[in-house]
Each structure stands twice: as structure tokens, then as C-alpha cells.
Amino acid sequence: MERGLWTLLTRCLRAVPRRCPVRGRYSNRDILAVFLWSALHDRSVGWACTRTNWPIQAWRRRLPDQSTMSRRLRDDALIDDLNVLIARLQRDLPQGSALIADGKPLPVSKFSSDPDRGEGWGAGRHQFGYKLHAIIDSMQRLIAWALRPMNEAECTTTTELMASINPHEVNGKVLYADASYDSNPLHVQCEHAGVRLVAPRRRPGTKPCKNREGSPNRLASIDAFERGTDPEIVAQHRRVRPVVERSFGTLVTWGGGLFALPAWARRHHRVNARFAAKLAINAARNDHVKTTPQ
């Protein structure tokens with residue numbers, strides 16, 4: 001399967017605009033190819049910079065050294081290139097009618113000296129590390145994502161994600177989320193994008209705050225969950241929410257997926273780049289599984 005994924009990744013890399021820094025020896029496509037090779041095999045970047053770790057038919061070009069990779073991977077434009085690659089890989093996948101938002105914790109040891117990690121609520125307990133914030137559709141297509149320290153609130157990061165999404169792609173859809181996403185700013189941002197957010201309150205049954213008015217969509221969501229005014233939307237919430245759990249579960253249950261953060265992936269720019277590569281590989285896997293005859 002790795003051979004098929006690699007063939008698909010290298011073919012779709014051609015959709016990424018080629019660019020090269022001044023006096024640069026390697027283009028962004030060369031850097032991304034080496035980085036994707038290391039992520040596909042769950043090895044370090046230094047391992048992928050060694051020619052003996054490459055089959056001759058996989059990549060015939062000259063390989064950069066580890067210091068070049070470390071310097072180039074700090075460029076935020078490479079993350080944008082990986083997002084272009086993800087969009088190209090998902091181009092032929094069917095689009096879902098609903099959106100789902102959720103977060104996936106990426107814990108590290110509490111004794112880690114990584115200054116970018118945060119302490120927050122992870123998988124049922126307080127943990128140290130980072131968290132993936134993702135918006136997918138009901139067909140498990142990735143719409144938007146961001147990596148933040150563990151202590152950043154899910155509703156705050158998702159508000160930023162909704163502001164970055166093209167409204168024409170999500171207009172008229174419903175975003176299903178859990179109680180962590182119940183906030184007025186997120187409801188307002190979803191309204192600007194033409195999206196209805198459906199999420200229960202963190203403390204159902206409490207009196208509304210008199211110092212501020214809730215958005216109309218938030219009040220409608222409260223009435224649906226606590227007063228039964230819209231049982232169909234509540235039933236749809238229960239049907240759709242497990243999709244994101246399956247998506248995150250699939251991400252870590254196959255060879256080349258994201259099992260855990262490796263020891264060499266520390267600091268935000270390294271973790272962010274590695275996770276972007278894993279999301280691209282997962283998009284290639286979804287495309288490969290869909291197009292492979294059963």
C-alpha cells in the first residue's frame with residue numbers, strides 16, 4: 001500500500017506551484033517529497049536525507065541534507081503547499097452535506113522541555129502537549145485544521161478556522177459539535193459564513209446571562225436540545241457526531257498514520273509540519289482506498 005500512496009503523493013505534488021528561494025538548490029517540491037517520505041515511514045527527517053533509505057525508483061533526484069530540511073521546514077509557505085496538496089488529493093472525493101468539528105489531543109510527557117506545549121484538557125484528563133482542531137464533512141473530507149497548544153480552547157480556534165474558510169464552500173450547511181464549542185463568538189462567525197452551529201450547552205438548564213444577548217442560532221440550539229423544539233436536528237446531531245470519531249480513529253490505525261508524536265517532533269513548527277504531512281498521507285489513503293478495486 002505504501003508504494004501506491006507514494007505514487008499518488010508524487011503525482012499530486014505536481015499540482016503544488018514550484019518555487020525556490022534565491023540561490024536555493026532545492027525547490028519546495030523536493031523538500032516536501034523528502035519530508036513526506038520520512039512521515040510515510042514514521043522516521044526522522046535525517047533518515048530520509050540518506051540515499052540508502054530510498055529505492056532507486058522512488059526518487060532519482062539529489063537529496064538535501066538535514067540542516068537544509070530543518071531550515072526550509074520553518075517556512076510557513078510549506079504548510080500552505082501541503083494544504084494545496086491535501087485539496088488536490090481530496091478533489092475527486094464526494095462532498096458531505098454536513099460539517100463536524102472536534103479536537104484530537106497530541107500529548108507529550110509532562111517532563112518534556114518543549115516550551116511551546118501547553119497544559120489543558122486532553123483525553124478525559126489534563127495533559128501536556130498539543131491539540132489538533134479540525135472541521136470535516138460527513139464524508140470525512142478535511143475542510144480546515146489548525147494545531148494549537150493543549151490549553152487553547154476549541155471554540156476559540158474553531159472561530160478562527162471558520163473565519164478562514166471560503167463561505168461559498170460551506171454556505172447553507174450545518175456544523176455539528178459538542179458542548180466545548182458552545183460560544184457566542186463561534187455562533188456569530190458561523191452565521192457570517194452562512195453556517196448553522198448545533199451544539200449543546202456546557203451547563204444545560206442554567207439561566208441565560210443577562211449582560212449579553214445570545215445569537216439567534218445559539219438560542220435556537222438551546223431550545224432544540226433543552227426544550228425539544230427541533231427533535232430532528234438533535235437526532236441528526238447524534239447520527240453525525242460519530243463520523244469525526246471514526247475519522248480520528250482511522251488516522252491512527254494504519255501504517256503511516258499518526259500513532260503518537262515521535263521523540264524528534266517537538267516545538268510547534270516541527271509538530272505542525274509533521275501533522276500536515278500526516279494529513280496529506282491520510283488524504284492520499286482515502287483517495288487510494290476509494291479508487292482501488294475491491
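**Notebook: a buried isoleucine, a central strand and some odd phi values**

I started at Ile281, which is buried, with a relative accessible area of 0% (buried means under 20% relative accessible area, exposed over 50%, partly exposed in between, with a 1.4 Å probe and protein chains only). Ile281 sits in helix 12, residues 268–291 (helices are DSSP runs of H or I with at least four residues, strands are runs of E with at least two, and both are numbered from the N terminus). I looked up its distance to Gly4: 277 residues separate the two along the chain, and their C-alpha atoms are 11 Å apart.

Ground rules, noted early. This is a predicted model, where local features need pLDDT of at least 70 and side-chain atom pairs count only at pLDDT 80 or more, while totals for chains, interfaces and linings use all residues. Residues are numbered from 1 along each chain as its sequence is written, and side-chain values use heavy atoms, with hydrogens and water left out.

**Whole chain**

I count 12 helices and six strands in the protein. The radius of gyration is 21 Å, which agrees with the value near 19 Å for a compact globule of 294 residues (taken over C-alpha atoms; the globule rule is 2.2 Å times the number of residues to the power 0.38). The C-alpha box along the principal axes is roughly 65 × 45 × 35 Å. Of the 294 residues, 49% count as buried. For contacts with a separation of 6 or more, I get 63% from residues 24 or more positions apart (contact means heavy atoms within 4.5 Å).

**Strand 3**

Where does strand 3 stand, buried or exposed? 10 of its 12 residues are buried, so strand 3 is largely enclosed by the rest of the structure. I then went through its neighbours (two strands pair if DSSP finds at least two bridges between them). Strand 1 runs antiparallel to strand 3 and is joined to it by 10 bridges. Strand 2 (residues 118–121) is antiparallel to strand 3 (residues 126–137) too, with four bridges. Strand 4 is joined to strand 3 by seven bridges, again antiparallel.

Single pairs I checked:
- Val108 has Phe128 of strand 3 as its bridge partner.
- Glu119 stands opposite Phe128 in strand 3.
- Gly120 faces Gln127 in strand 3.
- Ala134 is partnered by Trp145 in strand 4.

**Positive phi**

Most residues other than glycine have a negative phi, so I went looking for exceptions. Which value does phi of Asp42 take? Phi of Asp42 is near 55 degrees, and the residue is not a glycine. I find Asp42 in the loop between helix 2 (28–40) and helix 3 (45–48), partly exposed at 28% relative accessibility.

Gln140 is another non-glycine with a positive phi, about 65 degrees. Gln140 belongs to the loop between strand 3 and strand 4 (142–149), and that hairpin has four residues between the strands. At 27% relative accessibility, Gln140 counts as partly exposed. In the hairpin of strand 2 and strand 3, also with four residues between the strands, I noted Gly124 with a positive phi near 80 degrees.

**Last stop: Pro94**

Pro94 lies in the loop between helix 5 (76–89) and strand 1 (98–108). I have Pro94 down as partly exposed, with a relative accessible area of 35%. How far is Pro94 from Met139 in space? Their C-alpha atoms are 6.8 Å apart, with the two positions 45 residues apart in sequence numbering.
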